[in-house]
Amino acid sequence: MLVAFSVAPTGDAETGSMHEAVAAAVKVVRESGLPNRTDSMFTTIEGEWDEVFDVVKRATDAVAAYGPRVSLVLKADIRPGHTGELTGKLERLEKALDSE
């Protein structure tokens, strides 16, 4: 499965910048050893249901240290029997664009 998620503290942020809290979450993801990619809006992680959601929970817990409230948004692509989709989906998209 692929899970794209965004997690950030909410509440009493003084500067409006959340990069330190987001960095704490991304560190948890990268240390998990699961395939992942982070862009400006989401982090996407690939793995089995229990391992992916364990990482999402731990990343959320890391962000909770930065504020009294946490916002979590996630989207999942649950496709049993498929792996390598973190890059595979993009490769198929690029191939389709090249054939136009």
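**Sheet, helix packing and nonpolar core**

In this predicted model, four strands (DSSP runs of E, at least two residues, numbered from the N terminus) form an open antiparallel sheet in the order E2-E3-E1-E4. Pairing requires at least two DSSP bridges between two strands. Strand E2 (36–38) and strand E4 (69–77) are the edge strands, each pairing on one side only. On average, neighbouring strands of the sheet are turned by 20 degrees against each other, direction ignored; axes are lines fitted to C-alpha atoms, for helices over the stretch in contact, with angles from 0 to 180 degrees between N-to-C directions. Three bridges join E2 to strand E3 (residues 43–46) in the antiparallel sense, and Asn36 stands opposite Ile45 in E3.

Helix H2 (residues 49–64; helices are DSSP runs of H or I, at least four residues) lies across strand E1 (2–10), E3 and E4, at about 15 degrees to E1.

The largest nonpolar core (buried Ala, Val, Leu, Ile, Met, Phe, Trp, Tyr and Cys joined through side-chain atoms within 4.5 Å; buried means under 20% relative accessible area, 1.4 Å probe, protein chains only) has 15 residues, among which Val3, Phe5, Val29, Ile45, Val52, Val55 and Ala59 touch the most other members. E1, helix H1 (19–31) and H2 each give two or more residues to this core, and H2 provides the largest share, five residues. Contacts of Val3 (heavy atoms within 4.5 Å) include Ile45, Val52 and Leu74.

Residues are numbered from 1 along each chain as its sequence is written. Local features need pLDDT of at least 70, side-chain atom pairs count only at pLDDT 80 or more, totals for chains, interfaces and linings use all residues, and side-chain values use heavy atoms, leaving out hydrogens and water.

Methods:
Buried < 20%, exposed > 50% of the residue type's maximum accessible area, 1.4 Å probe, protein only. Lists of a residue's contacts leave out its neighbours within four places in sequence.
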